[in-house]
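Reader: I've got the structure open and some of the labels on it puzzle me. Could we go through where they come from?

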Amino acid sequence: MVYGFWVSRSLQIMAELGIADTIGDEPKSVEELAQASGTHAPALRRMLRLLTGLGVLVKDEQSQRFGLTELGRMLQKDSPGSVYGSLRAHGHLLSWQAWGDLVSSLKTGQPSVEKFMGDSFFGYMSKHPEDAAIFNGSMAAYQSLNAPAVVGAYDFSTAKSVVDVGGGTGTLLAHILQSHPNLRGALFELPHVKAEATARLSNLGMASRSEVLEGNFFEKIPSGYDIYILSQILHDWDDERSLKILTNVREAMHPGAKLLIVETVLPGDNVSHFGNLYDMAMLVLVGGQERTGTEYTALLEKAGLRIHRVLPTYMPPSVVEVVPA
Ligand SMILES: C[S@@+](CC[C@H](N)C(=O)[O-])C[C@H]1O[C@@H](n2cnc3c(N)ncnc32)[C@H](O)[C@@H]1O
């Protein structure tokens, strides 16, 4: 635990330098990798030794070349289950600054990153497209692991339409539409996400069955859909702001409509759970929080909603099916 961040940092830098993609299917020498990444060969050699010990790379003693292990392939940009996007976002200087100043969040309850961004997280991202692309890439990477788990856990077959509110660049929506050919879908997002989301849905062959709607979930959420999805949205906000989003969803829902909250539901104290770490990330980055089942129940009740059932998935988030109270 004490040295854990040295490991994370090494993997983040490996992603930043594109080492896994340079290696590809053909093991490479230290010199080749140093040249491609603009690094000092003897220093890189030591880093590569560390990565072999971590099970990410394997060295062929005869050729003295480094290849990828199965785990190492996950660091390639486009490999199945790639963690490249997550490594780039969590390795971003702003993430480091936010975590480095964790103590100020503990003292104030406010996101430490705002000091470094000079703005709220989403406000900053709307004005800095290059940083937004890195953070959106991380959400898409995480979502490409979560989406099959969500589709496996929930039966969408009785619905005709679905809207993913704050759906990022459309990874979850595309997975849902791909596995339900009769379903139509919409993605509701902030204006700066629209172009990337439209392009992604089109690349995934979903353009004719989906649309991207621009808007702000604190103002109004479009009505008329059978299923509303809030995936990794409520954890970005405190109770007051989350209640506003839920109230707007409730207003948009017709009596038979359902809301699916895709979030990690914290099991409570004395349990080691990935959500506890994510909870801290929400604190330092956006001022949000992960919640227990009891906390979700209380929040939903205030918005005129209730939990119908909680479906665990094989990934950290559960699908919380919510109906009008
Ligand atoms: C943590 S990401 C979750 C993305 C996606 N739902 C997922 O599960 O990966 C939060 C998303 O909320 C969007 N968002 C933030 N504020 C919003 C607002 N006021 N109205 C609509 N979308 C918003 C962001 O652009 C971002 O894509």
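Reader: Let's start small. Which residue in S2 does Lys-59 stand opposite?

Author: Phe-66 is the one facing Lys-59. Keep in mind as we go that this is a predicted model.

Reader: What makes S1 and S2 count as paired strands?

Author: Two strands pair if at least two bridges are found between them. S1 (residues 57–60) and S2 (residues 65–68) have 4 bridges, so they pass, and they pair in the antiparallel sense. The hairpin they form has 4 residues between the strands.

Reader: Why is Gln-64 in that loop flagged?

Author: Its phi is positive, about 60°, although Gln-64 is not a glycine. Most residues other than glycine have a negative phi, which is why a positive one gets a flag. Gln-64 sits in the loop between S1 and S2.

Reader: Which other residue gets that flag, and where is it?

Author: Asn-270 has a positive phi of about 65° and is not a glycine either. You'll find Asn-270 in the loop between strand S8 (265–266) and helix H15 (274–285).

Reader: Why is Asn-270 called exposed, and what is Gln-64 called?

Author: Exposed means over 50% relative accessible area. Asn-270 has 85%, so it counts as exposed. Gln-64 has 41%, which falls between the 20% and 50% cut-offs, so it is partly exposed.

Reader: What are Arg-306 and Glu-211 called, buried or exposed or something in between?

Author: Run the same check. Arg-306 in strand S10 (residues 305–312) has a relative accessible area of 43%, so it is partly exposed. Glu-211, in strand S5, has 39%, so it is partly exposed too.

Reader: How far apart are Arg-306 and Val-58?

Author: They are 248 residues apart along the chain, and their C-alpha atoms are separated by 51 Å. For Glu-211 and Ala-186, the numbers are 25 residues in sequence and 4.8 Å in space, C-alpha to C-alpha.

Reader: Why is Gln-12 labelled buried?

Author: Buried means under 20%. Gln-12, which is in helix H1 (residues 4–16), has 7% relative accessibility, so it makes the cut.

Reader: What makes the Gln-12 and Arg-9 pair a polar contact?

Author: The distance cut-off is 3.5 Å between N or O atoms. The side chains of Gln-12 and Arg-9 come in at 3.0 Å, so the pair qualifies.

Reader: Now strand S3. How do you know that S3 is largely enclosed?

Author: 5 of the 5 residues of S3 (residues 161–165) are buried, so the rest of the structure largely encloses the strand. Both faces are covered: Ser-161, Val-163 and Val-165 are buried on one side, Val-162 and Asp-164 on the other.

Reader: Which strands does S3 pair with?

Author: S4 (residues 184–189) is one, running parallel to S3 with 5 bridges. S6 (residues 227–231) is another, again parallel, over 3 bridges. Both counts reach the required two, so both are pairings. Val-165 stands opposite Phe-188 in S4, while Val-163 stands opposite Tyr-228 in S6.

Reader: What does S4 pair with besides S3?

Author: S5 (residues 210–214) is joined to S4 by 5 bridges, and the two run parallel. Gly-185 has Ser-210 in S5 as its bridge partner.

Reader: Which elements make up the right-handed β-α-β units here?

Author: One is S3, helix H12 (residues 171–179) and S4. Another is S4, helix H13 (residues 191–203) and S5. They're called right-handed because, with the strands pointing away from you, the path from the first strand over the helix to the second runs clockwise.

Reader: Last stop, the ligand. Which residues come nearest?

Author: Of the 18 residues around the ligand, the nearest are Met-139, Gln-143, Gly-166, Glu-189 and Ser-231. By class, the shell has 8 nonpolar, 8 polar and 2 charged residues.

Reader: What makes the approaches of Gln-143, Gly-166 and Ser-231 polar contacts?

Author: Set each distance against the 3.5 Å cut-off. A polar side-chain atom of Gln-143 is 2.4 Å from a ligand oxygen. For Gly-166, a backbone N or O atom lies 2.8 Å from a ligand nitrogen. A polar side-chain atom of Ser-231 is 2.7 Å from an oxygen atom of the ligand. The protein covers 94% of the 600 Å² of accessible area that the ligand has on its own.

Note on methods
Residues are numbered from 1 along each chain as its sequence is written. This is a predicted model: local features need pLDDT of at least 70, side-chain atom pairs count only at pLDDT 80 or more; totals for chains, interfaces and linings use all residues. Side-chain values use heavy atoms; hydrogens and water are left out. A residue is near a molecule or strand if one of its heavy atoms lies within 4 Å of it. A polar contact is a pair of N or O atoms within 3.5 Å; within protein, one must be able to donate a hydrogen and the other to accept it, and residues adjacent in sequence count only if both atoms are side-chain atoms. Accessible areas come from the Shrake-Rupley method with a 1.4 Å probe; for residues, only the protein chains shown count as cover. Ala, Val, Leu, Ile, Met, Phe, Trp, Tyr, Cys and Pro count as nonpolar, Asp, Glu, Lys and Arg as charged, and the others, Gly among them, as polar. Buried means under 20% relative accessible area, exposed over 50%, partly exposed in between (1.4 Å probe, protein chains only).
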